[in-house]
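Let's take a walk through this fold, one piece at a time. Keep the structure open beside you as you read.

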Amino acid sequence: MTSNSDFSKETGATEVAKAYGHGVRDKTVVIIGVSPQSLGESMALALASQSPSQLVLASRTMLKIKAVATKIKAKYPDVQLELVEVDLASLESVREAAAEINKAVEKIDILINNAAVVMQAHAYTKEGLELQFGTNHIGIFLLTNLLMPKILQAAQQSQCKGSTRIVNLTSAGHIISPIRYSDYNFAKRPEDIPEDERPMSRPGVSFDPPPGKTYVPFVAYGQSKTANILMSLSISENLASQGVRSIATHPGSIWTDLSRNLDEEYTDLISKTGSFWKTLDQGSATTLVAALDPKLGEDRSVIYLSDCQVAEPAAHASDPVAAERLWKLSEEIVGQKFDLGSGSRL
């Protein structure tokens with residue numbers, strides 16, 4: 001349980017930020033995935049209301065970042081903003097953005113990895129990775145690790161152990177698929193990969209591709225969201241002793257621009273998955289609980305929140321062995337190893 005048992009699916013980010021305002025004031029916060037009418041914008045406005053010392057807004061399109069920055073400056077003119085372009089589907093862009101962020105800040109107290117894509121077509125990143133896995137996990141993995149020295153710097157300076165946070169936005173959709181270590185690009189059919197890598201199977205529900213096909217968009221999305229949780233597990237397992245905590249959050253059912261790449265059929269399917277549809281403010285609340293609640297810094301076993309409270313992810317998303325295996329695979333993909341013990345780049 002979090003420190004506030006009254007927080008629920010109806011709680012808003014503005015309320016959470018106010019309740020934990022002391023955890024925002026004079027802190028440096030980096031938010032990845034900020035555009036108008038998005039969860040990123042909602043989080044940024046809520047955090048800006050509590051006087052952070054520096055707020056870094058990063059996203060793929062500078063024009064959209066500037067639109068959010070204009071709203072923040074209109075309401076909170078004293079907040080120092082840094083605007084950074086980053087395309088998570090390009091490792092070159094990720095490295096450039098990390099260098100820019102590292103130059104702009106002395107430390108990073110809170111990193112919120114909010115950016116993601118949902119794709120219907122079998123598309124690829126510039127490096128040839130399945131686009132959802134490449135953007136939602138690999139881009140985030142590389143960016144986070146390149147920023148890790150500044151995150152560890154904040155942890156070393158913090159008076160409150162565990163207050164330095166990395167929050168990865170995931171989804172309840174993670175239950176659909178474990179990591180397909182042998183086929184993360186979806187070149188094979190389910191029967192051609194190990195059984196423990198195959199998608200969820202339930203009576204009357206099939207996530208197998210049509211005959212002759214290998215790609216199922218929701219399975220690919222589920223894999224990427226499982227990766228977000230396993231990444232949080234790895235970070236907390238290795239860096240909790242140094243004061244860094246990472247938690248993955250399910251924001252709930254919210255209509256955002258995330259579904260822009262889906263046709264009417266897939267949009268209709270998504271519309272049937274939620275029993276309670278949240279506003280952007282409500283959808284941002286769980287992430288801010290993960291970022292700010294002091295109680296969560298005390299328990300390294302907490303890796304997943306839903307509706308502003310501690311929840312249990314699927315077994316395949318909470319397995320330390322799977323987390324370690326994914327970390328090594330991710331290092332291989334980006335061509336760089338990271339020593340979590342020191343935050344150094346090898």
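What follows goes from the sheet to the helices that lie across it, and then to some aromatic side chains. Keep in mind that this is a predicted model.

Start with the sheet. Eight strands make it up, and it is open, with the order β3-β2-β1-β4-β5-β6-β7-β8 and mixed pairing. At the edges sit β3 (81-85) and β8 (309-310), each of which pairs on one side only.

Now zoom in on β1, residues 28-32, which runs parallel to β2 and is joined to it by five bridges. If you want a handle on the register, look for I32: its bridge partner in β2 is A58. Between these strands comes helix α2 (residues 39-48), and β1, α2 and β2 together make a right-handed β-α-β unit. The chain then crosses from β2 through helix α3 (residues 62-75) to β3, in a β-α-β crossover that is right-handed. β2 and β3 also run parallel, with five bridges joining them, and here L57 has L83 in β3 as its bridge partner.

So how many residues of strand β2 are buried? Six of the six in residues 54-59 are, so the strand is largely enclosed by the rest of the structure. Both of its faces are covered: Q54, V56 and A58 are buried on one side, and L55, L57 and S59 on the other.

Further along the sheet, β6 (residues 244-250) and β7 (residues 304-306) pair in the parallel sense over three bridges. A248 is a good place to look, with Y304 in β7 as its bridge partner. Helix α6 (residues 217-239) lies across β4, β5, β6 and β7, running at about 160° to β6. Helix α8 (residues 280-292) lies across β4, β5, β6 and β7 as well, running at about 155° to β5.

On to the rings. With ring centres within 6.5 Å taken as a pair, the count comes to five aromatic pairs. One of them is F141 with W327, edge-to-face, at 4.7 Å centre to centre and 75° between the planes. F141 lies in helix α5 (residues 131-157) and W327 in helix α9 (residues 320-334), so this pair ties together parts that are 186 residues apart in sequence. Both residues, F141 and W327, are buried, and with F338 they form one aromatic cluster.

Finally, check two arginines. R180 has its charged end over the ring of F186, 4.0 Å from the ring's centre. The charged end of R325 sits over the ring of Y181, 4.0 Å from its centre.

Conventions:
Residues numbered from 1 in each chain as written. Predicted model: local features only at pLDDT ≥ 70, side-chain atom pairs only at ≥ 80, totals over all residues. Heavy atoms only, no water. Phe/Tyr/Trp six-rings, centres within 6.5 Å; stacked < 30°, edge-to-face > 60°. Helix = DSSP H or I, 4+ residues; strand = E, 2+ residues; numbered from the N terminus. Buried < 20%, exposed > 50% of the residue type's maximum accessible area, 1.4 Å probe, protein only. Lys NZ or Arg CZ within 6 Å of the ring centre and 35° of its normal. Pairing = 2+ DSSP bridges. Contact = heavy atoms within 4.5 Å. Axes fitted to C-alpha atoms, helices over the stretch in contact; angles between N-to-C directions. Right-handed = clockwise from strand over helix to strand, strands pointing away.
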